[in-house]
Amino acid sequence: GEPESFPVPTLDERDQFRKSHLRLSGMKEPLTSQEVAIAAAQDDVDIQHYLVDLEFIPTTRGVTGSVTVTGTSLVNGFQHLVLDLMANMNVTIVRQDATNLTFTRPGDLIDITLDQPLNAGQTFAVQVDYNGIPDPPGFGSIDWTKFGSGRPGSMVSTLSEPDGAKT
């Protein structure tokens with residue numbers, strides 16, 4: 001049958017959600033005004049799909065790979081895609097089709113400037129290549145041992161969505 005459709009939240013609903021979300025993330029340290037503005041940009045896009053292609057390197061406890069993000073602009077003039085990624089992870093390149101894009105790394109975010117502003121309803125796909133050694137925020141959000149044995153092995157497991165996901 002037809003896939004289930006979900007209503008797109010109104011600007012007021014997105015604003016209310018963002019405010020409640022910022023209060024939750026405030027459990028750490030207060031967000032700067034720049035981080036608040038960047039986080040607000042996350043409300044201007046509807047992410048349709050994440051394609052994650054990762055290689056885990058147990059000997060170094062490292063990760064290398066890419067994520068391709070496909071989304072739809074919810075506003076006219078959308079040009080900044082903001083993604084979560086821990087600051088200790090290295091972003092090597094960001095591409096939209098064959099075009100390399102500029103980006104900044106404020107805190108645990110990637111602020112990507114698209115190659116042109118999009119209007120509401122326009123779609124895009126951006127690929128982010130990155131690597132590094134995840135710095136788990138606690139609660140066993142990434143584990144490099146074989147289940148139940150406590151010994152190092154060729155297995156990795158993760159949990160703690162959403163906080164551990166950005167490691």
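This is a short walk through the predicted model of a single chain, from its overall layout down to a few individual residues.

Okay, let's start with how far we can trust it. The mean pLDDT of the chain is 79, and 66% of the residues reach 70 or more. The stretch to watch is residues 22–27, where the pLDDT is below 50; beyond near neighbours in sequence, that stretch has five contacts in the model. Where pLDDT is low, the predicted coordinates should not be read in detail.

So what is the chain made of? There are two helices and ten strands, and along the sequence the pattern goes α-α-β-β-β-β-β-β-β-β-β-β. In other words, the two helices come before the ten strands. Of the 167 residues, 31% count as buried. The chain exposes about 10500 Å², and carbon and sulfur atoms supply 54% of that. If you take contacts between residues at least 6 apart in sequence, 63% of them join residues at least 24 apart.

Let me go to β1 and β2. Strand β1 covers residues 45–57 and pairs with β2 in the antiparallel sense, over twelve bridges. To find that pairing on the screen, look for Asp-46, which stands opposite Thr-72 in β2. The two strands form a hairpin with four residues between them. Arg-61 sits in that loop between β1 and β2, and its phi is near 60°, a positive value in a residue other than glycine. Arg-61 is partly exposed, with a relative accessible area of 40%.

There's another residue with that sort of backbone angle. Asp-97, in the loop between β4 and β5, also isn't a glycine and has a positive phi of about 60°. Asp-97 is exposed, at 70% relative accessible area.

Back to β2, residues 62–73. Is this strand mostly covered or mostly open? Mostly covered: nine of its twelve residues are buried. Besides β1, β2 has β8, residues 123–132, as a partner, again antiparallel, over ten bridges. Val-63 has Gly-132 in β8 as its bridge partner.

Two serines in β2 are worth clicking on. Ser-66 is in this strand, and it is buried, with a relative accessible area of 11%. What does Ser-66 touch, leaving aside neighbours within four places in sequence? One group is Leu-51, Val-52, Asp-53 and Leu-54, and the other is Gln-127, Val-128, Asp-129 and Tyr-130. The first group falls within the residues of β1, and the second within those of β8.

Then there's Ser-73, also in β2. Its relative accessible area is 1%, so it counts as buried. Setting aside the close sequence neighbours again, Ser-73 contacts Asp-44, Phe-78, Leu-118, Asn-119, Ala-120, Gly-121 and Gln-122. Hold on to Phe-78, as we'll meet it again in the core.

Now the other sheet I want to show. Three strands form an open, antiparallel sheet in the order β3-β7-β6. β3 (78–84) and β6 (102–104) stand at the edges with a single partner strand each, so one side of each has no neighbour in the sheet. From one strand to the next, the twist averages 25°. β3 is joined to β7, residues 109–118, by six bridges.

Asp-84 is a good marker here. It is found in β3 and stands opposite Leu-109 in β7. The C-alpha atoms of Asp-84 and Asp-108 are separated by 5.9 Å, though the two residues are 24 apart along the chain. At 45% relative accessibility, Asp-84 counts as partly exposed.

Last stop, the inside. The largest nonpolar core has 24 residues, and those with the most contacts inside it are Phe-78, Leu-81, Ile-112, Val-126 and Val-128. Which strands feed it? β2, β3, β4 (90–96), β7, β8 and β9 (142–145) each supply at least two residues. Val-128 shows how the pieces meet: leaving aside neighbours within four places in sequence, it contacts Gly-65, Ser-66, Val-67, Leu-83, Val-91, Ile-93, Val-94, Ile-110 and Ile-112.

To wrap up, then: β2 is mostly covered, pairing with β1 on twelve bridges and with β8 on ten. And if you open the model yourself, Val-128 is one of the residues with the most contacts inside the largest core, which makes for a handy starting view. That's it from me.

Conventions. Residues are numbered from 1 along each chain as its sequence is written. This is a predicted model: local features need pLDDT of at least 70, side-chain atom pairs count only at pLDDT 80 or more; totals for chains, interfaces and linings use all residues. Side-chain values use heavy atoms; hydrogens and water are left out. Buried means under 20% relative accessible area, exposed over 50%, partly exposed in between (1.4 Å probe, protein chains only). Two strands pair if DSSP finds at least two bridges between them. Axes are lines fitted to C-alpha atoms, for helices over the stretch in contact, and angles run from 0 to 180 degrees between N-to-C directions. A nonpolar core is a set of buried Ala, Val, Leu, Ile, Met, Phe, Trp, Tyr and Cys residues joined through side-chain atoms within 4.5 Å. Contact means heavy atoms within 4.5 Å. Accessible areas come from the Shrake-Rupley method with a 1.4 Å probe; for residues, only the protein chains shown count as cover. pLDDT is the predictor's confidence in each residue, from 0 to 100.
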